[in-house]
Amino acid sequence: MKPLQINKALKAAGSIAMLLLALLVTNPTAAQDRTITLDEAIKLGLDNSKVLKLSQSRIDQAVSQYQQAKDRSLPTASAGFGYNRAQIPANKLNFGEESLKLPTSANAYLGTLSVNYSIWAGNKLRYARESTTLLTDVARLDAVNDRDQITYSIINAYYNLYKVLQSKKVVDQNLSTIDAQIKQSQRFFEQGLVTKNDVLRFQLQRSNIELNGIDLENNRRIINYNMDILLGLPEGTELNIAQITEADRSAMPLTTYLDSAMSNRPEFKQLDLRTQVADLNIKSIKANTSPSLSASGSAYYVGVSANPLPKSGNFITPISIGLTLGWDFGSLWTNKNKVNEAKLQREEVIINRGITTDNVKNEVNQSYQNYKAALDKIALLQTSINQATENNRILESKYRSNISSATDRADAQTLLYQAEINLELAKADAGLAYYTLLKSTGKLNR
């Protein structure tokens, strides 16, 4: 090769190298790979949750309503000032020999200032304040429940992604094994030891494994994308799962979890608060039959001069202070059905508590039984690993002694690897079942 051609080749190679380097540096996928732990995922998800931000907005609204209820107990006041001008074209009145002549025009200023305060209204204002305080606590418990739901969604997605990634390892291992079997069968076919059908059987098996791999990769992409959105990460971030928590927690008696759920589930605390709100609503409606007492004060400025601030003698300033006692006694017979409706609403809350109790008990029991079954499955799979390990050892020894085929040897390795992955998947199922049990008892974030 001539020197000029060599230089051109080197320059071209240098350009290609620079291009590859730029691609590696700017490759978004490589830059966005991330291995994440479960605690990190939960923290990210809670910090970036739009649902929790909405929950906080509802709490703020409830606090605002409480402040408004307090404001309703304050005095009300108003002030006004007006100007009137009167034109009197016909300004003379005759009374026989006497007559009265008015000015052709007149000015008048009227100013008012009034203050009103409700001294007694059957404690309705106090009941309103107490009700809004309780409803604010209900809103805070809604936020607690939302936090638990989001935390569980993150945990569920985390474990599901881990299981998909582990299943993809099985596919890769099976493909590696089947490729070795295809290669050997083709060699045997060339030697006349097997038929073409044997080769095609292995190739068909590989196609089926690849189809399973396509489904798994599709699931991985969906779960990965959903987790990116859930955690507030860039949508192209490829997540890898750090080692999951070992499922080595023994199950306590079922009654322990049931008692915990009755004490910690926010739904029961909310229903207790709503029962108190219903009691206050009944008292508030009954207060409609109570007399009311209010105080008021008013001051007036009446000026008939063209000057809004005339000299003494051209305006008056009456001031009045009074107490008003009133009683809408018609409410004695028109209010009773409203009270009955409020009592029915309270009874509905109590019935809902019973329904919630049954549902929670069923949820805790189901979660408890699933967790125990997951632990039993781990113990059984540990036994299968021991069996697969012994089978692999025997076939390895036979293969070295030319007693068994390479296919049998590869199958034994695949069975062992499958058993090991099944154990990892079972641990993931047990870990998720444990968190499901915690959620059912109301102690997921506590």
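This text follows two helix pairs and the two sides of one helix in a predicted model.

The first pair consists of helix α3, residues 38-47, and helix α5, residues 124-190. Their axes come within 9 Å and cross at roughly 135°. Angles over 145 degrees would count as roughly antiparallel, and the crossing of α3 with α5 is therefore classed as oblique. In handedness, the crossing of α3 past α5 is right-handed. On the α3 side, the residues in contact are Leu38, Ala41, Ile42, Gly45 and Leu46. They meet Arg147, Ile150, Thr151, Ile154, Ile155, Tyr158 and Tyr159 in α5. This contact comprises 9 nonpolar, 2 polar and 1 charged residues.

The second pair is formed by helix α7, residues 254-264, and helix α8, residues 266-286. Here the axes come within 5 Å, with a crossing angle of roughly 40°. Angles under 35 degrees count as roughly parallel, and α7 and α8 are therefore oblique to each other. Ala261, Met262, Ser263 and Asn264 in α7 are in contact with Pro266, Phe268 and Lys269 in α8. Sorted by class, the residues of this contact are 4 nonpolar, 2 polar and 1 charged.

Helix α7 may also be considered by its sides. Which residues of α7 are buried? They are Tyr257, Ser260 and Ala261. These three lie on the same side of α7, because they cover an arc of only 100° around the axis. A general rule helps here: an α-helix has 3.6 residues a turn, so residues three or four places apart point the same way. On the other side of α7, Thr255 and Asp259 are exposed.

How values were computed: Residues numbered from 1 in each chain as written. Predicted model: local features only at pLDDT ≥ 70, side-chain atom pairs only at ≥ 80, totals over all residues. Heavy atoms only, no water. Axes fitted to C-alpha atoms, helices over the stretch in contact; angles between N-to-C directions. Helix = DSSP H or I, 4+ residues; strand = E, 2+ residues; numbered from the N terminus. Parallel < 35°, antiparallel > 145°, perpendicular 65-115°, else oblique. Contact = heavy atoms within 4.5 Å. Nonpolar A, V, L, I, M, F, W, Y, C, P; charged D, E, K, R; others polar. Left-handed = near helix turned anticlockwise from the far one by under 90°. Buried < 20%, exposed > 50% of the residue type's maximum accessible area, 1.4 Å probe, protein only. Arc of directions from axis to C-beta.
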